[in-house]
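Biologist: I have the sequence open next to the model and would like to start from a single spot. Could you take a close look at one loop for me, and then work outward from there to the rest of the chain?

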Amino acid sequence: MTPIRIAITKGRLLDSSVAMFKRMGIECEALEKPGRRLILPLDGGRIEAVLAKGEDVVTYVDHGVCDMGIVGKDTLEEHPCGVFEVLDLGFGKCRMAVAGRPDSGFFSSGGERTAATKYDSIARAYFKQKGMDVRLIHISGSVELAPLLGLSDVIVDIVETGDTLRANGLEVLEEVCPLSARLIINPAAMKLRKSELDALTAKMEANLK
Ligand code: PRP
């Protein structure tokens with residue numbers, strides 16, 4: 001039988017994904033010690049786990065080469081596509097926020113304002129909805145550097161513990177939205193393998209923390 005292929009976001013979401021599979025009683029030894037392997041058999045080969053970056057998890061599920069995926073809501077918002085978002089998995093909880101120096105006066109000042117972000121779409125939509133004219137500067141990592149170096153007034157970024165902001169003299173100025181890991185499913189797979197995917201989704205739902 002063809003295994004159900006599930007793409008899992010590497011990094012922060014991986015440990016919590018493994019913990020969830022264990023609660024579900026799914027054997028996932030390969031996933032605990034992946035080494036350099038990127039496609040791993042779970043549950044005696046009934047499931048195939050694919051390890052990828054969040055953006056690529058969305059691409060693989062959208063194109064149907066993976067049936068399901070585990071990805072952060074931030075990545076889903078930033079890369080809208082045709083996948084079904086079926087379950088809030090409840091882990092990987094953090095928030096998208098506008099952050100800057102406490103005295104930045106960002107929301108009270110007029111004139112040209114700038115924000116650095118990895119999340120251009122989310123930031124654009126947020127400032128548009130607030131009627132603010134903000135120039136965005138795309139940065140691909142350690143976004144907190146931008147206001148420290150004088151490149152931007154604020155950042156729009158993920159805040160989890162707040163440690164990175166605190167360590168760099170920055171703070172949350174406004175919260176954009178709460179975030180967490182989501183289960184996504186390819187629409188064609190949802191039709192073709194409905195009973196199997198429904199059963200796995202239900203098992204996940206029954207084993208959320
Ligand atoms: C994320 C985010 C912040 C940090 C927030 O970065 O972009 O920098 O985590 O976490 P905290 O509130 O717990 O300090 P990540 O570690 O993914 O690295 P990157 O910025 O290089 O992408």
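Modeller: Ser 142 is in the loop that links β8 (134–138) to α6 (145–148). Please keep in mind that this is a predicted model. The backbone at Ser 142 has a phi near 45°, a positive value in a residue that is not glycine. Ser 142 counts as exposed because its relative accessible area is 52%, and the cut-off for exposed is over 50%.

Now follow the chain back into β8. This strand belongs to an open sheet of five strands, ordered β8-β7-β9-β6-β10, whose pairing is mixed. β8 and β10 (171–179) are the edge strands; each has a single partner, so one side of each has no neighbour in the sheet. From one strand to the next, the twist averages 25°. At the β10 end of that order, β10 is joined by seven bridges to strand β6 (residues 94–100), and the two run antiparallel. One bridge that you can look for on screen pairs Met 96 with Cys 177 in β10.

A helix lies across this sheet. Helix α5 (residues 120–129) crosses β6, β7 (113–117), β8, β9 (154–159) and β10, and its direction is at about 175° to β8. There is also a nonpolar core of 16 residues, separate from the largest one, and Val 98, Tyr 119, Tyr 126 and Val 156 are among its members.

To place all this in the whole chain, look at the domain assignment: domain 1 covers 4–92 + 180–206, and domain 2 covers 94–178. The C-alpha centres of the two domains are 30 Å apart. Across the boundary, five residues of domain 1 contact nine residues of domain 2. Along its principal axes, the C-alpha trace of the chain spans about 60 × 30 × 30 Å. Nine helices and eleven strands make up the secondary structure, and 46% of the 209 residues count as buried.

A useful partner for your loop is another one with a positive phi, at Asp 43. This residue lies in the loop between β2 and β3, and its phi is near 50°, again in a residue other than glycine. The two strands form a hairpin with four residues between them. Asp 43 is buried because its relative accessible area is 18%, and buried means under 20%. Ser 142, by contrast, is exposed at 52%.

The strands beside Asp 43 lead into a second sheet. Here six strands form an open sheet in the order β2-β3-β1-β4-β11-β5, also with mixed pairing. Its edges are β2 (39–42) and β5 (84–88), each of which pairs on one side only. The twist from one strand to the next averages 30°. β2 pairs with strand β3 (residues 47–52) in the antiparallel sense over four bridges, and Leu 40 stands opposite Ala 49 in β3. In a regular strand, side chains alternate between the two faces of the sheet. β2 shows a covered face with Leu 40 and Leu 42, and an uncovered face with Ile 39 and Pro 41.

From that covered face you can step to Leu 31. Beyond its neighbours within four places in sequence, Leu 31 contacts Ile 8, Leu 14, Val 18, Phe 21, Leu 40, Leu 42, Ala 49 and Leu 51. Leu 31 is also among the residues with the most contacts inside the largest nonpolar core, which has 31 residues; Ile 6, Phe 21, Ile 70, Leu 89 and Met 204 complete that group. Helix α1 (residues 12–23) gives this core its largest share, five residues.

Last, a helix lies across this sheet too. Helix α3 (residues 54–62) crosses β1 (4–9), β3, β4 (68–72) and β11 (181–185), running at about 150° to β4. Thr 75, in helix α4 (residues 73–78), touches Gly 54, Glu 55 and Val 58, leaving out residues up to four places away in sequence. With a relative accessible area of 12%, Thr 75 is buried.

Conventions
Residues are numbered from 1 along each chain as its sequence is written. This is a predicted model: local features need pLDDT of at least 70, side-chain atom pairs count only at pLDDT 80 or more; totals for chains, interfaces and linings use all residues. Side-chain values use heavy atoms; hydrogens and water are left out. Two strands pair if DSSP finds at least two bridges between them. Axes are lines fitted to C-alpha atoms, for helices over the stretch in contact, and angles run from 0 to 180 degrees between N-to-C directions. Contact means heavy atoms within 4.5 Å. A nonpolar core is a set of buried Ala, Val, Leu, Ile, Met, Phe, Trp, Tyr and Cys residues joined through side-chain atoms within 4.5 Å. Buried means under 20% relative accessible area, exposed over 50%, partly exposed in between (1.4 Å probe, protein chains only). Domain bounds come from an automatic or database domain assignment.
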